[in-house]
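Biologist: Could you take me slowly through this model, beginning with the terms that we shall need?

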Amino acid sequence: MRAVVLGIDGAPALADVDEPALRHPGDAVVAVRKAAICGSDLHVLAGKIPGMAPGGVLGHEFTGVVAAVGEAVTSVAVGDRVVGSFLIPCGECAACAAARYNHCDDLRVLGYGALFGDLAGAQAERVVVPNADLTLLRIPDDLGDEQVLFAGDVLSTAYYAVRLGGVGAGDVVAVQGCGPIGMLALQLARGLGAGRVVAVDVAAERLDAARALGADTIDASGVAPGVAIEELTGAGADVVLDTAGGAPAVLAQTFDLVRPGGTIAVVGVYSDLETTIPLADLWLRGVTLRFGGTCPVPALWHDVVAMVRDGTVDPVAIVSHRLPLDDAVAGYELFASRAALKVVLDVS
Ligand SMILES: [Zn+2]
Ligand SMILES: [Zn+2]
């Protein structure tokens, strides 16, 4: 079958790979319909998530139709249309019992290589999904695949950020980073009653897109964000959602955006081992700094799908490019260059 794999040179490549098969009673095989390219796929290609061998199948955001199930699977059946979770928790440890799936003792991720369970990814015609009762969600008949595709990763992660930040009615919410998670987070914050949403980025076209979704914007390439948000709001943000991550300077920017007594919620990925923080300043201002880690998708995706249905969020709005699986390499180039906000591959 066709699949997108990690090439020898660290670039994505289209390849012919072996058909996947059921290995455990809790597994399901899904015939993939839609697969999205995610920022963390780029991390895998860049070697930032060590353990992925050349030839390994990429991808962890997908919808499809169940093609086979192991004997222990009860929540989905052959023929069901489903969305998959990028996160594959064990379902049995104490953290899983408490629905803290992101803290699972045996956490696995599709398409992330040996360190994360050595599972083949979903940018392929078919994918094996372990613990299907926990990691596949049946798509309601009245919703299309693209509407729920992101419930398995970026949409649930955006909701996780909003919850982590405790966004409440009337709040001024600054969303740092207008990538896919940021664009969804600003929609959710608005939909859940925030008084004002301010998007912060350095890319003009992404700020334009954020404005079209109802946000005020700060172009951090031209102004000091801390000064700009004071001018816009008179104080700072009640809640800062950092969906960008990356370099320590990005985190430092959140300290300038938040008001005294406010909350910073971080779901953007940081991989530097250490940084300095303005300890006395944050203490004096009583700022709450919360790190989210990865998103416990199966704990949140029911809520997320309900919010798609009632119009709180329109995830399809972030899809900038739709390409056939055979054009996946071009899709990766568009996404890596930031010419694309979100690429969806039509697999079948
Ligand atoms: Zn992802
Ligand atoms: Zn577990």
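Modeller: Helices (H or I, at least four residues) and strands (E, at least two) are DSSP runs, numbered from the N terminus. Residues are numbered from 1 along each chain as its sequence is written, and chains are lettered from A and ligands numbered from 1 in the order in which they are written. This is a predicted model, in which local features need pLDDT of at least 70 and side-chain atom pairs count only at pLDDT 80 or more, while totals for chains, interfaces and linings use all residues.

Biologist: Which residue follows α11, and what is the sign of its phi?

Modeller: Helix α11 covers residues 297–309 and has 13 residues. The residue that follows α11 has a phi near 85°, which is positive, and that residue is G311.

Biologist: Which residues have the most contacts inside the largest nonpolar core?

Modeller: A nonpolar core is a set of buried Ala, Val, Leu, Ile, Met, Phe, Trp, Tyr and Cys residues joined through C-beta atoms within 7 Å, and buried means that 20 or more other C-beta atoms lie within 10 Å of a residue's own, with C-beta atoms placed from the backbone. The largest such core has 113 residues, and those with the most contacts inside it (C-beta atoms within 7 Å) are V173, L184 and A185.

Biologist: Which helix gives the largest share of this core?

Modeller: The largest share of the core amounts to eight residues, and they come from α5.

Biologist: Why does this core lie between domain 1 and domain 2?

Modeller: Domain bounds come from an automatic or database domain assignment. The core lies between the two because residues are given to it by both domain 1 (2–153 + 295–346) and domain 2 (156–291).

Definitions and conventions
Expected span 1.5 Å × (residues − 1). Buried ≥ 20, exposed ≤ 12 C-beta atoms within 10 Å, placed from the backbone.
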